[in-house]
Amino acid sequence: MKAIDLHTHSNASDGTLSPRELVFLAARSGVDCVALTDHDTVDGVAEALEAGREVGIQVVPGVELSVIYQNREMHLLGYQFRPDDPLLGEGLAKVVSFRQERNPQMIKRLQDLGISVTLEEVGREAGGTVIGRPHFAAVLIKKKVVRSMREAFDRFLGQGCPAYVPKDRMTPAEGLGLLRAAGAIPVLAHPYCLGVGSLEEWVDLLSHLRDQGLRGIEAYYPEHGWADIQRFTRLARDCDLAVTAGSDFHGANKPQVRLGGVMANGGTLTGDVCIKMKEWISDV
Ligand code: AMP
Ligand code: FE
Ligand code: FE
Ligand code: ZN
């Protein structure tokens, strides 16, 4: 029985594998249904779909959008759109422009800290359309300013650190509206990140998001323990949402996560839940 992974990043955003390499790795890893969900871009989707046809596995078009909710980042995954949808293209171009405003400010902060780094260097590291903090981190590692991604985020790039600059973001309603207008199916990514407390608060939030177009919740995620999975599965049922599974694979930028490793121990998801999920993502 083959596994599923509906949350992965290629070098079109802040992963390290090309879309094609990622799809081939999925096939080799026993994953026969994989979504490419790069941050703020669908530039890798066509290549991934082509590779999926070549290697004979299902590739789902996807994207991951950051929106702002109560001063925290909320990530929305969108699935099964037409990659050339003009509304999606326009919306994502706006999001990428938020990044383009932020990147020179982060360079300035680093330079003010006495670290010699240029926007060109970070852009070269990124390669594609989307420049993200992991690319800043990679340059800092190459320059031996820090030894690891972790140190780069802890000392410089993480929220509240001296080189961190927040980027402008849409509200959840705007993000859901954009995804839906583009024909994408919105799913709440890694819900544990939101730090929502009580069950009651969760029901409130999820019902509200569902009314704005949310269709699913990523109940299976490597940072989720068994209790989280059960809680999010129950909430999904109560709020009429589907459950999905994603690893958030980033290649060498997140070496502890392997493709298809959606469970806390890095294990894959197979069995009835997986079959149901594959049916859902194929039919939405
Ligand atoms: P950005 O979209 O440019 O703000 O960068 C966010 C990305 O940085 C996330 O999608 C992760 O890939 C990565 N990231 C965020 N926080 C950390 C962290 N503490 N350690 C390593 N990577 C991180
Ligand atoms: Fe990322
Ligand atoms: Fe995310
Ligand atoms: Zn992600």
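This report covers the metal sites, the sheet and the aromatic contacts of a predicted model.

## Iron ion (ligand 2)

Three residues coordinate the iron ion (ligand 2): Asp14 through OD, His39 through NE2 and His250 through NE2. The distances run from 2.1 to 2.2 Å. Along the sequence, the donor spacing reads D-x24-H-x210-H. The zinc ion (ligand 4) sits 4.9 Å from the iron ion (ligand 2).

Two of these donors come from loops. Aspartate 14 is in the loop between strand E1 (3–5) and helix H1 (19–28), and histidine 39 is in the loop between strand E2 (31–36) and helix H2 (45–55), so the pair joins parts 25 residues apart in sequence. Aspartate 14 and histidine 39 are both buried.

## Iron ion (ligand 3) and the zinc ion

The iron ion (ligand 3) takes its protein donors from Glu64 (OE), His75 (ND1) and His190 (NE2). They lie 2.0 to 2.2 Å from the ion. The sequence spacing here is E-x10-H-x114-H. Glutamate 64 also acts as a bridge between the iron ion (ligand 3) and the zinc ion (ligand 4). These two ions are 3.3 Å apart.

Glutamate 64 belongs to strand E3, while histidine 190 lies in the loop between E5 and H8, so the pair ties together parts 126 residues apart in sequence. Glutamate 64 has a relative accessible area of 1%, so it is buried. Histidine 190 counts as buried because its relative accessibility is 7%, and the cut-off for that class is under 20%.

## The sheet

Seven strands make up an open sheet. Their order is E1-E2-E3-E4-E5-E6-E7, with mixed pairing. E1 and strand E7 (242–245) are the edge strands, each pairing on one side only. From one strand to the next, the twist averages 35°.

Strand E3 (residues 58–69) pairs with strand E4 (residues 72–79) in the antiparallel sense. Eight bridges connect them. In one of these strands, E4, tyrosine 79 is the bridge partner of glycine 62. Helix H9 packs on the sheet and touches E6 and E7. The direction of H9 makes about 160° with that of E6.

## Aromatic pairs

The count of aromatic pairs is two. One joins tyrosine 192 and tyrosine 221, with ring centres 6.0 Å apart. Their planes meet at 35°, so this pair is tilted; edge-to-face would need over 60 degrees, and stacked under 30. Tyrosine 192 is in the loop between strand E5 (185–188) and helix H8 (199–211). Tyrosine 221 is in the loop between strand E6 (216–220) and helix H9 (226–238). The pair links distant parts of the chain, 29 residues apart. Tyrosine 192 is partly exposed because its relative accessibility is 35%. Tyrosine 221, at 4%, counts as buried.

The other pair is edge-to-face, between tryptophan 202 and phenylalanine 232. The rings are 5.2 Å centre to centre, with 80° between the planes. Tryptophan 202 is in helix H8 and phenylalanine 232 in helix H9, so parts 30 residues apart in sequence are tied together. Both tryptophan 202 and phenylalanine 232 are buried.

## A charge over a ring

Phenylalanine 232 has a further contact. The charged end of arginine 231 sits over the phenylalanine 232 ring, 4.8 Å from the ring centre.

How values were computed:
Residues numbered from 1 in each chain as written. Chains lettered and ligands numbered in written order. Predicted model: local features only at pLDDT ≥ 70, side-chain atom pairs only at ≥ 80, totals over all residues. Heavy atoms only, no water. Donors = N, O, S within 2.8 Å, 3.2 Å for Na, K, Ca; no water. Helix = DSSP H or I, 4+ residues; strand = E, 2+ residues; numbered from the N terminus. Buried < 20%, exposed > 50% of the residue type's maximum accessible area, 1.4 Å probe, protein only. Phe/Tyr/Trp six-rings, centres within 6.5 Å; stacked < 30°, edge-to-face > 60°. Lys NZ or Arg CZ within 6 Å of the ring centre and 35° of its normal. Pairing = 2+ DSSP bridges. Axes fitted to C-alpha atoms, helices over the stretch in contact; angles between N-to-C directions. Contact = heavy atoms within 4.5 Å.
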